[in-house]
Amino acid sequence: MPTAPTAAMVLAAGFGTRMRPLTDHMPKPMVAVAGKPLIDHVLDKLAEADVASAVVNVHYLPDRIIDHVTGRARPAVTISDERDVILGTGGAVVKALPLLGAAPFFHLNADTLWIDGVQPNLVRLAQAFDPARMDVLLLLAPTAGSIGYHGNGDFVMEPSGRLIRRGEREVVPFVYAGVAILTPRLFADAPRGEFSLNAVFDRAAEAGRLHGLRIDGTWMHVGTPDAVAAAEKAFLASAA
């Protein structure tokens with residue numbers, strides 16, 4: 001069985017435009033849900049999965065995030081400071097690669113939020129990742145039943161777990177939940193500067209090396225202020 005990742009990257013540089021007015025003076029990862037900031041939900045999940053180190057990138061109101069995570073021991077946090085540049089989700093990973101090491105790593109959006117089922121989903125993802133067959137393993141949530149999500153989905157998943165991107169006018173059953181395992185070799189020929197991680201996902205899909213794992217539990221899309229209340233209701237229900 002492959003070794004579980006011990007490093008992670010957490011994307012925390014976005015402007016959180018759709019979360020305004022909450023993000024007028026606060027970066028989205030610092031918006032509180034169920035009593036703690038979104039980024040703490042993510043970092044706590046990483047700690048529970050025995051991830052030793054996390055690289056957190058920052059751009060919008062960066063000092064709020066830096067001050068909050070400085071001194072955290074589990075995982076130990078290193079900042080990838082992008083305050084003076086726009087790199088996009090792909091360029092952010094390229095900049096952070098020297099801090100992440102040569103092994104596959106967890107990759108999470110700082111605003112992703114989920115309630116685990118019987119087994120923690122980061123553990124399930126690590127157990128399912130097979131570097132012989134995969135360059136990317138995405139955690140997927142069903143479009144039906146996910147809290148706060150009203151889109152058309154992102155992927156079709158074959159029985160083997162291989163993913164096919166949604167066509168322009170299609171409605172598909174799975175949405176990317178903002179959690180993945182990535183291999184550094186994906187970025188060997190990546191451009192410098194700003195680009196989207198979707199370009200990397202699409203290249204892996206063309207090679208048949210983009211796979212998915214359905215979430216065990218409940219995923220919450222906290223994209224707007226109204227979605228915060230829906231997510232808090234789900235947390236209360238899960239604790240009852």
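Is Y149 buried or exposed? Keep that question in mind as you open the structure, which is a predicted model, and select Y149 to begin: its relative accessibility is 14%, and because the cut-off for burial is under 20%, Y149 counts as buried.

**First stop: the aromatic pairs**

With Y149 still selected, turn to aromatic residues in general, of which the structure holds 3 pairs. One of them joins F15 and Y60, whose ring centres are 5.4 Å apart and whose planes stand at 50 degrees, so that this pair is classed as tilted. If you colour by secondary structure, you will find F15 in the loop between β1 (7-11) and β2 (32-33), and Y60 in the loop between β4 (53-58) and α2, so the pair ties together parts that are 45 residues apart in sequence. A surface display should help with the next point: F15, at 39% relative accessibility, counts as partly exposed, whereas Y60, at 15%, counts as buried.

Now return to Y149 and add W219 to the selection, since the rings of these two residues also form a pair, with centres 6.1 Å apart and planes at 50 degrees, and so this pair too is tilted. Y149 belongs to the loop between β8 (136-142) and β9 (155-157), while W219 sits in strand β13 (residues 217-220), so the contact between the rings ties together parts that are 70 residues apart in sequence. W219 has a relative accessibility of 6% and counts as buried.

**Second stop: P142 in strand β8**

Next select P142, which is found in strand β8 and is buried, with a relative accessible area of 17%. Setting aside neighbours within four places in sequence, display the residues in contact with P142, namely P173, F174, R214 and I215. If you then draw a distance from the C-alpha of P142 to that of T218, the value is 9.2 Å, although the two residues are 76 residues apart in sequence.

**Third stop: helix α1**

Move to helix α1 (residues 38-48) and select D40 within it. D40 has a relative accessibility of 13% and therefore counts as buried, and, apart from neighbours within four places in sequence, D40 is in contact with H68 and R72. Widening the selection to the whole helix shows that 9 of the 11 residues of α1 are buried, so α1 is largely enclosed by the rest of the structure. The buried residues are L38, I39, D40, H41, V42, L43, K45, L46 and A47. Following the chain onward from α1, stop at D50, where phi is positive, near 60 degrees.

**Fourth stop: how α1 meets α2**

Finally, show α1 together with helix α2 (residues 62-69) and compare the two axes, which come within 11 Å and cross at roughly 40 degrees. The two helices are therefore oblique to each other, and α1 passes α2 in a right-handed crossing. To see the contact itself, display the side chains of I39, D40 and L43 on α1, which meet I65, H68 and V69 on α2. The residues of this contact divide into 4 nonpolar, 1 polar and 1 charged. With these side chains shown, you can look again at D40, which has H68 among its contacts and is buried.

Note on methods. Residues are numbered from 1 along each chain as its sequence is written. This is a predicted model: local features need pLDDT of at least 70, side-chain atom pairs count only at pLDDT 80 or more; totals for chains, interfaces and linings use all residues. Side-chain values use heavy atoms; hydrogens and water are left out. Helices (H or I, at least four residues) and strands (E, at least two) are DSSP runs, numbered from the N terminus. Buried means under 20% relative accessible area, exposed over 50%, partly exposed in between (1.4 Å probe, protein chains only). Contact means heavy atoms within 4.5 Å. Axes are lines fitted to C-alpha atoms, for helices over the stretch in contact, and angles run from 0 to 180 degrees between N-to-C directions. Angles under 35 degrees count as roughly parallel, over 145 as roughly antiparallel, 65 to 115 as roughly perpendicular and the rest as oblique. A crossing is left-handed if the near helix is turned anticlockwise from the far one by less than a right angle, and right-handed if clockwise. Ala, Val, Leu, Ile, Met, Phe, Trp, Tyr, Cys and Pro count as nonpolar, Asp, Glu, Lys and Arg as charged, and the others, Gly among them, as polar. Rings of Phe, Tyr and Trp (its six-membered ring) pair if their centres lie within 6.5 Å; planes under 30 degrees apart count as stacked, over 60 as edge-to-face and the rest as tilted.
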